[in-house]
Amino acid sequence: MTPAPLLPPVPVAPSGLSGRAKRFVEVDGIRVPGQELRRHRDAWLRHGIPAAEIDRAAAFQDRWGGLALPPAPFYEGGPRILAADCPKGSADGGWSFSAGSCRVSMAYGFMIGPDGAFGIDAHRWTPLHECIDGWVESLALAAHAGRWARTVARIRGRAVESVDLDGYEPVPEVRGLTDTWWRGEDSLVALYRGEAVGLDAPQCLEAHVYGGLDEWGLRGG
């Protein structure tokens with residue numbers, strides 16, 4: 001039997017990311033061996049999983065599988081290693097698959113939903129970003145902003161609703177849905193609403209305000 005080729009531990013960032021996210025993946029990430037999903041194809045088809053859903057999970061695995069990134073500033077660090085698994089669902093409710101295992105025991109898992117969104121499967125399905133690329137962009141932006149900000153403030157609970165975003169614009173590359181990033185004149189604001197929505201827990205709302213940023217800090221990459 002021919003041994004599987006060894007993957008280099010330094011990942012090559014997938015196409016389509018911003019320069020900032022590309023640097024983040026290639027400098028701060030590592031690649032570990034992941035499972036080949038296509039070897040399960042016949043067995044999964046026999047269990048009624050549509051071929052298109054198997055192909056969707058396999059495409060995710062090809063693009064992101066085995067990538068370990070630094071912990072996220074929220075969601076207990078996010079997925080430990082990005083990795084797809086057997087799709088689950090139905091024709092009526094749609095199909096989803098895991099985006100990677102949690103770092104600690106949690107009340108929800110990270111999933112790729114029927115429409116390709118990255119989110120959490122909690123009390124209810126809660127899409128955080130339009131796709132996994134948006135999640136990675138948000139991680140890269142948090143690392144970048146935290147490095148260059150003069151001040152970082154965390155606001156929790158219902159006080160988040162009073163954060164004034166007048167004059168701010170959404171940061172498009174994070175493709176935010178429940179979670180969003182906003183860019184102002186000299187600051188960035190990350191709004192983390194996913195746990196509050198997914199767990200019906202308003203106390204879990206959180207905003208991170210990165211202040212005192214110059215143009216590089218605001219947009220670098």
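A residue counts as buried when its relative accessible area is under 20%, as exposed when that area is over 50%, and as partly exposed in between. The structure discussed here is a predicted model. Glu206 gives a first case: its relative accessible area is 7%, so Glu206 is buried. Its salt-bridge partner is Arg154, with 3.7 Å between N and O. Arg154 has a relative accessibility of 46% and therefore counts as partly exposed. Glu206 belongs to strand 13 (residues 206-211) and Arg154 to strand 9 (residues 151-156), so the bridge links parts of the chain that are 52 residues apart.

Salt bridges occur elsewhere too. Side chains of opposite charge can pair when their charged atoms come close. In the whole structure, a search finds 13 salt bridges. Lys22 and Glu26 form one of them, with their closest N and O atoms 3.2 Å apart. These two residues are four apart in helix 1 (residues 19-28), which means that about one helical turn separates Glu26 from Lys22. An α-helix has 3.6 residues a turn, so residues three or four places apart point the same way. Glu26 is partly exposed at 25% relative accessible area, and Lys22 is partly exposed at 41%.

Another salt bridge, between Arg38 and Asp62, has an N to O distance of 2.6 Å. This pair links distant parts of the chain, 24 residues apart: Arg38 is in the loop between strand 1 (30-31) and helix 2 (41-46), while Asp62 is in helix 3 (residues 51-64). Arg38 is partly exposed, with a relative accessible area of 42%, whereas Asp62, at 51%, is exposed.

Strands 9 and 13, met above, also belong to a sheet. Strands of a sheet pair through backbone hydrogen bonds, either parallel or antiparallel. Here five strands make up an open sheet, in the order 9-13-12-11-10, and their pairing is antiparallel. Strand 9 and strand 10 (169-170) stand at the edges with a single partner strand each, so each has one side without a neighbour in the sheet. Strand 10 is joined by two bridges to strand 11 (residues 180-183), and the two run antiparallel. In this pairing, Pro170 is opposite Trp182 of strand 11.

The next topic is the nonpolar interior. The largest nonpolar core has 47 residues, and the members that touch the most others are Tyr75, Ile132, Trp135, Trp181 and Leu188. At least two residues of this core come from each of helix 1, helix 3, strand 5, strand 6, strand 7 (118-121), helix 4 and strand 12 (188-192). Helix 4 supplies the largest share, eight residues. Apart from this core lies another of seven residues, including Val160, Val163, Val189 and Ala196.

How much of helix 4 is buried? Of its 17 residues, 13 are buried, so helix 4 is largely enclosed by the rest of the structure. Helix 4 reaches 25 Å from its first C-alpha to its last, close to the 24 Å expected at 1.5 Å a residue. With neighbours within four places in sequence left aside, Ile132 is in contact with Phe60, Trp64, Leu82, Ile112, Gly116 and Phe118.

Aromatic rings form pairs as well. A pair of aromatic rings is described by the distance of the centres and the angle of the planes. The whole structure contains eleven aromatic pairs. In one of them, the ring centres of Tyr108 and Phe110 are 5.8 Å apart and the planes are at 85°, so the pair is edge-to-face. Tyr108 and Phe110 are both buried. Phe110 also pairs with Trp135: the centres are 6.3 Å apart and the planes are at 40°, so this pair is tilted. Phe110 lies in strand 6 (residues 109-112) and Trp135 in helix 4 (residues 132-148), so the pair ties together parts that are 25 residues apart in sequence. Ring pairs link Phe74, Tyr75, Tyr108, Phe110, Phe118, Trp135 and Tyr192 into a cluster.

A last residue to find in the structure is Ser96, in strand 5 (residues 94-102). Is Ser96 buried or exposed? Its relative accessibility is 15%, so Ser96 counts as buried. Not counting residues up to four places away in sequence, Ser96 touches Arg56, Cys86, Pro87, Lys88, Met111, Ile112, Gly113 and Pro114.

How values were computed
Residues numbered from 1 in each chain as written. Predicted model: local features only at pLDDT ≥ 70, side-chain atom pairs only at ≥ 80, totals over all residues. Heavy atoms only, no water. Phe/Tyr/Trp six-rings, centres within 6.5 Å; stacked < 30°, edge-to-face > 60°. Buried < 20%, exposed > 50% of the residue type's maximum accessible area, 1.4 Å probe, protein only. Expected span 1.5 Å × (residues − 1). Contact = heavy atoms within 4.5 Å. Salt bridge = Lys/Arg side-chain N within 4 Å of Asp/Glu carboxyl O. Pairing = 2+ DSSP bridges. Core = buried A, V, L, I, M, F, W, Y, C linked by side-chain atoms within 4.5 Å.
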